[in-house]
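Here is a short report on one protein chain. Keep the sequence and the 3D view open while reading.

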Amino acid sequence: MKKYAAVVVGAGTAGIFAALTLTKAGVEPVLMVEQGSSIEDRSKARKPNILKGWGGAGAFSDGKLTLSPEVGGFLGEIISSDRLNRVLDQADKIWLKFGAPTEIFGGDDEQIDEMKNQARLAGMIFVPSPVRHIGTENCRQLLADIENHLSTRCEIRHQTAATNILVEDGKAIGVELDDGSKVLAAKLIVAPGRVGNKWMRGQAENLGLSMRPNPVDIGVRVECPAPVLTGLTDTFYESKLIHYTTTFDDKVRTFCMNPYGEVVAETSGDLISVNGHSYANKRTDNTNFALLVSASFTEPFDDPITYGHSITRLANLVGGGVIVQRWGDLVAGRRSTPDRIARCLTRPTMKDATPGDLAYVLPYRILLDIIEMIEAMDKLTPGIADRHTLLYGTEVKFYSQRVKLNKQLMTEVDGLYIIGDGAGITRGLLQASASGIIAAKDAIKKM
């Protein structure tokens, strides 16, 4: 039974940056285990699992590195803002080293102040978020370069799942793998990603770790002609807008804005939801973004992930996959038909979405929240509430149960770190990267 200085479970962004930090410090031997394929095999696959494999969900994202500590996760609730900014800067420099673009979108102080004022007049909050845009087509090559780099510095096992975290006398000692073998580790860094949230919850329950549910974000992806949003996208690229609705006082936010991008389906298990991409070197005529409503629950219900799954499953039942509806049809109380979509001035970039009625799928509260947000946005960017704007549903962001962690991202079990989206503490590339750095640096100190 081989013993390693450190084992990293999961080769998404968080796990990759943990391994980069460990190997740069000369820690050896280091083992990475990933239940999915290498980035090369993922890229070649006709229908790759977009959540599982080297790079995790980030490999098939549009590669936005959001430099603001206010966006992309909850690390700011665990560590100080000064420390978070330092680690985000360290992570950003590593991305740059492997080929991320040097250009930063985000506007100057005068432009930011003006946009804040305009958003406030429209009943919204504008959150400045400087961003680097890698582009969907460039993400995989960049991640391939990182994989090649790490393959010469640590052992990587693809198509290998961890089944159990091994603990002895309150201390992590390794993991059991799906072939029945066990590997021992002085330090164990677990980065299960979104696809591993169910497994992580089971492991946490078995180990008696303290957890609390995160909210689930439920909504739609909006698509409109790109000129409607150029006032935002030309300067800021990724615009973060928050609105507290009049009727329910719920928080609705924009997410993942893709100038000149395309809407795509996202498959996870038997569920089909919707997402968006944008490329560095090719353009469509449209811009898309998500509108998400944060749904939290109190006793006796404490399973927002299942709630989100149920809504997505209902959309799949009604629409046979992703549903698309014109804004004009939604507010008129009628479904969109193939003929109406064919006459739509916004040409859908997702060709196989089913024309339908989102009112049959989304709860009244969430649907009304989205309607009120679009009406508020129309004051800031006239044309969003045009009858030819398209809404695709559903888009659901699942955030894992949040495990109790200390400031070094270690659990109540000595030597066991849980990081990234699978720990419920990040939801963007840069904060996930930062979580890997934080955990690995602490593991190095304690070795």
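## A buried valine

A residue counts as buried when its relative accessible area is under 20%. The model discussed here is predicted. Val-324 has a relative accessible area of 3%, so Val-324 is buried. This valine sits in strand β17, residues 323–326.

What does Val-324 touch, leaving aside residues up to four places away in sequence? The contacts include Ser-336, Ile-341 and Ala-353. Thr-354, Pro-355 and Gly-356 are also among them. So are Leu-390, Leu-391 and Tyr-392. Gly-420 is 96 residues from Val-324 in sequence and 32 Å from it in space, C-alpha to C-alpha.

## Strands β7, β8 and β9

Strand β7 covers residues 162–168, and strand β8 covers residues 171–177. The two pair in the antiparallel sense over six bridges. Asn-164 stands opposite Glu-176 in β8. Two residues separate β7 from β8 in this hairpin. Asp-169 in the turn has a positive phi of about 55°.

β8 also pairs with strand β9, residues 182–190. Three bridges join them, and they run antiparallel. Val-175 has Val-183 in β9 as its bridge partner. β8 and β9 form a hairpin too, with four residues between them. In that turn, Gly-180 has a positive phi of about 90°.

## Helices α5 and α12

Helix α5 runs over residues 136–151. Its 16 residues should span 22 Å at 1.5 Å a residue. The end C-alpha atoms are 23 Å apart, which agrees. Among the buried residues of α5 are Cys-139, Leu-142, Leu-143, Ala-144 and Ile-146. Glu-147 and His-149 are buried as well. The buried residues of α5 pack against helices α1, α2 and α3. They also pack against strands β2, β6 and β15.

Helix α12 spans residues 429–445. The expected span for its 17 residues is 24 Å, and its end C-alpha atoms are 25 Å apart, which agrees. How many residues of α12 are buried? The count is 14 of the 17, so α12 is largely enclosed by the rest of the structure.

## Salt bridges

The structure holds 20 salt bridges. In one of them, the side chains of Asp-92 and Arg-132 meet at 2.7 Å, N to O. Asp-92 lies in helix α3 and Arg-132 in strand β5, so the pair ties together parts 40 residues apart in sequence. Both Asp-92 and Arg-132 are buried. Arg-365 bridges to Asp-250, with the closest N and O atoms 2.6 Å apart. Here the link joins helix α11, which holds Arg-365, to the loop between β12 and β13, which holds Asp-250; the two residues are 115 residues apart. Arg-365 is partly exposed at 40% relative accessible area, whereas Asp-250 is buried at 12%.

Arg-313 and Asp-270 meet at 3.5 Å, N to O. Arg-313 lies in helix α8 and Asp-270 in the loop between β14 and β15, so this salt bridge ties together parts 43 residues apart in sequence. Arg-313 counts as partly exposed at 41% relative accessibility. Asp-270 counts as exposed at 59%. Elsewhere, Asp-62, Lys-64, Glu-238 and Lys-240 are joined into one network by salt bridges that share partners.

## A nonpolar surface patch

Which residues form a nonpolar patch on the surface? They are Leu-314, Leu-317, Val-318 and Tyr-360. Together they have about 450 Å² of accessible area. Leu-314 belongs to helix α8, residues 304–319. It counts as partly exposed at 33% relative accessibility.

Key. Residues are numbered from 1 along each chain as its sequence is written. This is a predicted model: local features need pLDDT of at least 70, side-chain atom pairs count only at pLDDT 80 or more; totals for chains, interfaces and linings use all residues. Side-chain values use heavy atoms; hydrogens and water are left out. Two strands pair if DSSP finds at least two bridges between them. Buried means under 20% relative accessible area, exposed over 50%, partly exposed in between (1.4 Å probe, protein chains only). Contact means heavy atoms within 4.5 Å. Patches are made of residues with over 30% relative accessible area and no salt bridge: like charges are joined within 9 Å, nonpolar side chains (Val, Leu, Ile, Met, Phe, Trp, Tyr) within 5 Å. Accessible areas come from the Shrake-Rupley method with a 1.4 Å probe; for residues, only the protein chains shown count as cover. A salt bridge is a side-chain nitrogen of Lys or Arg within 4 Å of a carboxyl oxygen of Asp or Glu. The expected span of a helix is 1.5 Å times one less than its number of residues.
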